[in-house]
Structure formats: structure tokens, C-alpha cells
Amino acid sequence: MTKSFGYAAPEKKATLEPFAFERRAVGPNDILIEIQFCGVCHSDIHQVNDDWGGSIYPMVPGHEIVGRVAEVGANVEKFKEGDTAGVGCMVDSCRRCASCEAGLEQFCAVHTALTYNGTEMDETTPTFGGYSTNIVVDESFALKISPEQNLAAVAPLLCAGITTYSPLKRFDIKHGSKVGIVGLGGLGHMGVKFAVAMGADVTVFSTSPTKEEDARKLGAQHFVVTKEPGALEPLASQFDFILDTVSAPHDLNVYLELLKYNGALVLVGIPGEPAAVLAPLLVMRQRNLTGSAIGGIPETQEMLDYCAAKNIVSDIEMIGIDAIARAYERTVKGDVRYRFVIDIASLKSIAANVG
Ligand code: NAP
Ligand code: ZN
Ligand code: ZN
């Protein structure tokens, strides 16, 4: 077994606390990653709070993991000791179903082993995430990371990055596309960076007037404060694609109305409550309402390589693990600029003191 030390929520809505646990021994296809940085995704907060139901405790959150390969199993080909590796939202899947064969392991027909708040392929052994000192993972589910980039700022690419890159690619966003990004948080700011890099004309829809300057620095051409009465009216039927990253319940109809004929509103935010949709808004202009879940392993590697080539990383606020409760509070208030990342060295020093 491999000793690990993390921060865990012992029960629903609990404050995270120190948690010593064991991971499996490094198997022939596994690598052991000593974690250096882990991003704080709003999904971590939803799951600690059991917003989606079915949460498993104790829960060690964290699925934006970057670290150094400390050990490799006998059959490992992709990595050697000392390499930089990443882990996102999944650590395994059946690898045989049509989805897995298509590189869409997040839609595995049998079981997707989520990085935390899930189970291994035996559907029994709980998984523990990246707010921890190390992780053992099959090399097929580990990503290669360029050591040249700022690794703390690369960590959020493993979830916020792929979750926004994937739908932009699926809808063929390019020069001339008119794109809206709703919510300027962890996902939203990456959505802006990618849409700008792909050549789109980008509008940010935000509840926070104070984020306008940042949105423009990220490359967005337009910024709309959605709380201002009448702000959306002049924009009706103008957009090809709108990516909704909002974590809390809100009205989708106002964004459907902004789509052109055959345009698409893609939900990536996952509020815990249902949303009402006005059918005429979809019917009359053949608008599309759909969702998107992270991205498969091949596309995640493609996104990381794209980011390395274009020098795209996340804008981050680095914290020690002792500041995690405050980081959660600020994220829920929409006050994150634009991703908290935990420096895992802070956890290692606590682990050393605990012994
Ligand atoms: P985040 O950093 O907290 O950003 C969400 C943003 O939404 C906020 O910064 C805020 O932006 C806006 N917002 C918050 N509350 C709002 C409200 N009541 N009304 C309107 N706007 C509000 O969260 P994140 O980490 O980007 O995650 C966003 C959502 O995506 C979460 O639900 C998360 O679980 C989900 N997610 C999904 C996937 C997937 O695969 N589909 C992957 C990762 C995360 P403004 O201040 O600009 O308004
Ligand atoms: Zn996430
Ligand atoms: Zn499968």
C-alpha cells in the first residue's frame, strides 16, 4: 500500500480536515505521482455539500492535479521517474465500450472511475482526489505535462481547461464565430481564453461589474452586466454559441433568446436544481440546448499540448491548504480571480508534523 495524507470532508457540508489514508500499491501499469498543485473546482464544493446527491464520505476532493512522477510500474511506457504528470476528473473506465474506444471515457457505458467521490472499477473501493500528497493512477489516465509552463497555473487545465475547450471544438468555433461566455469564474475565464485563441468575437455575461477590466485583459471584446435591466435586449438573435458556466440556479431563457437560427446554448455549469425552458425559444429559431462533460483522455492531452504551444495557462490565486474553507466561501460568492490552486507543499508540512 502507499501512504497518503490529505484533507477530507468527513460528512456533508463539513469543513475539510486532515485525513491520513492509503492508496493501492503501484501496480505494473501504474505511476505514483507526488502531487505539487491541485486546483479548486466549484464541483469540489458541490460534492462536499452533496448538491447533486449520492456523495461518498470521507471525501478528499480535487481533480485538477499536477505533480512529479516518483515511481513507475514495470509495464509503464508513457512516463519515467521525474516526469511531470497530470490527472483530471477520471482515473479509469472499462476501455472496451464504444465510448471508451472513441476516447470518450467520461461516457463509459460500464463505469467511469471518477478521481474522487467515486469508486474504482470494482465499483466498491472509494477513490480519493488531489487535495493530498500523492496519487497512484494507471498511466492510461495520466496526462503528459510540459515542465516548461507554470505548473500551478497548468493544474486548472485538467478540469476547467478541458471542460471549456471540448465544447468550443465540438461546435467548430473559429474566426468569425460570435461566442458568449456566461459567468467569469474558473471555467468561464478559460472559456474566454480558448474562444479568443480560436479567433471568435467574445462577449462575457457576468453578474459582477468589477470583472470587466479582467474580461477585456483576457481578450473578450464585449462585457455585459446581466443584472442591469434591459442589458440583453439589444443582443437578441446574435450569437452562434453560448457557453453557460454558472454554478447556481438562473434563467436559461434569457440566453436562448440571444442565439441565432440553429445556434447552441451549451451548459457546463451544474446547478443542483432544474431549470424551466420556454419551448417557443427553441422551436421558432431551431435553437439547440445541450450540455458537455469534461472531455476524454485523448482530447485532454490535445488541449494540454495546445496550451503548451500557445502558452495558455489559468489565472490563479495560490493558497495553502489551511485557507481552503475561505477559498470555498469566496468561490461560492463568485469572488475568485480566477482559480484557487492549493500548493501541496503546505499539506506535506502538516503531514510531516502529524508524523
Ligand atoms: P466558479 O469559479 O465559481 O464560477 C462560476 C461563476 O458563475 C461565478 O464566478 C459567477 O461569475 C457566476 N455565478 C455564480 N453564482 C451565480 C448566480 N447565482 N447567478 C449568476 N451567475 C452566477 O465555478 P467553476 O469552477 O467555474 O464551475 C462552474 C460550474 O461548472 C459548477 O457548477 C461546476 O460544478 C461545473 N463544472 C462542470 C463541469 C462539466 O464537465 N460540465 C466541469 C467542471 C465544473 P460572475 O461573477 O461573472 O457572474
Ligand atoms: Zn472540476
Ligand atoms: Zn467504457
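**Close-up views of a predicted model**

**View 1. What happens just after helix 9?** Right after helix 9 ends, Asn311 takes a positive phi of about 55°. Keep in mind that everything shown here comes from a predicted model. Helix 9 itself runs over residues 297-310, and at 1.5 Å a residue its 14 residues should span 20 Å. Its end C-alpha atoms turn out to be 20 Å apart, so expectation and model agree.

**View 2. The buried residues of helix 9 and what they pack against.** Look along the helix for Ile297, Thr300, Gln301, Met303, Leu304, Tyr306 and Cys307, which are buried. In an α-helix there are 3.6 residues a turn, so residues three or four places apart point the same way. Now find the partners: the buried residues of helix 9 pack against strand 6 (90-92) and strand 9 (143-144), and also against helix 3 (151-154), helix 4 and helix 5 (186-197).

**View 3. Gln106 in its loop.** Gln106 sits in the loop between helix 2 (98-101) and strand 7 (113-114). Is it buried or exposed? With a relative accessible area of 15%, Gln106 is buried, since the cut-off for that is under 20%. Its side chain reaches the backbone nitrogen of Gly296 at 3.3 Å. Leaving out residues up to four places away in sequence, Gln106 touches Met90, Thr112, Ala293, Ile294, Gly295 and Gly296.

**View 4. A tilted pair of rings, Phe171 and Phe241.** The model has 9 aromatic pairs. In this one, the ring centres of Phe171 and Phe241 are 5.5 Å apart and the planes meet at 50°, so the pair counts as tilted. Phe171 belongs to the loop between helix 4 (160-170) and strand 10 (178-182), while Phe241 belongs to strand 13 (residues 239-244), so the pair ties together parts that are 70 residues apart in sequence. The two partners also have their own accessibility values: Phe171 is partly exposed at 29%, whereas Phe241 is buried at 1%.

**View 5. More rings to spot.** Phe19, Phe21 and Phe128 make up one aromatic cluster. Elsewhere, look for a lysine with a ring: Lys144 lies over the face of Phe79, at 4.9 Å from the ring centre.

**View 6. Strand 1 and its partner, strand 2.** Strand 1 (residues 2-8) has 6 of its 7 residues buried, so it is largely enclosed by the rest of the structure. It pairs with strand 2 (residues 17-23) in the antiparallel sense, over 7 bridges. To pick out one bridge, start at Gly6 and look across to Phe19 in strand 2. That is the Phe19 of the aromatic cluster with Phe21 and Phe128.

**View 7. Thr331, with Cys41 from far along the chain.** Thr331 lies in helix 10 (residues 324-332) and is buried, with a relative accessible area of 9%. Its C-alpha atom and that of Cys41 are separated by 8.8 Å, although the two residues are 290 residues apart along the chain. Setting aside neighbours within four places in sequence, Thr331 is in contact with His42, Ile45, Val336 and Phe340.

**View 8. His63 and its contacts.** His63 is found in the loop between helix 1 (42-48) and strand 4 (65-72). This histidine is buried, at 7% relative accessible area. Not counting residues up to four places away in sequence, His63 touches several cysteines, including Cys38, Cys41, Cys89 and Cys159. Among its other contacts are Ser43, Asp44, Thr115, Tyr116 and Leu158.

Terms used:
Residues numbered from 1 in each chain as written. Chains lettered and ligands numbered in written order. Predicted model: local features only at pLDDT ≥ 70, side-chain atom pairs only at ≥ 80, totals over all residues. Heavy atoms only, no water. Phe/Tyr/Trp six-rings, centres within 6.5 Å; stacked < 30°, edge-to-face > 60°. Helix = DSSP H or I, 4+ residues; strand = E, 2+ residues; numbered from the N terminus. Buried < 20%, exposed > 50% of the residue type's maximum accessible area, 1.4 Å probe, protein only. Lys NZ or Arg CZ within 6 Å of the ring centre and 35° of its normal. Expected span 1.5 Å × (residues − 1). Contact = heavy atoms within 4.5 Å. Polar contact = N/O pair within 3.5 Å; in protein donor to acceptor, adjacent residues only side chain to side chain. Pairing = 2+ DSSP bridges.
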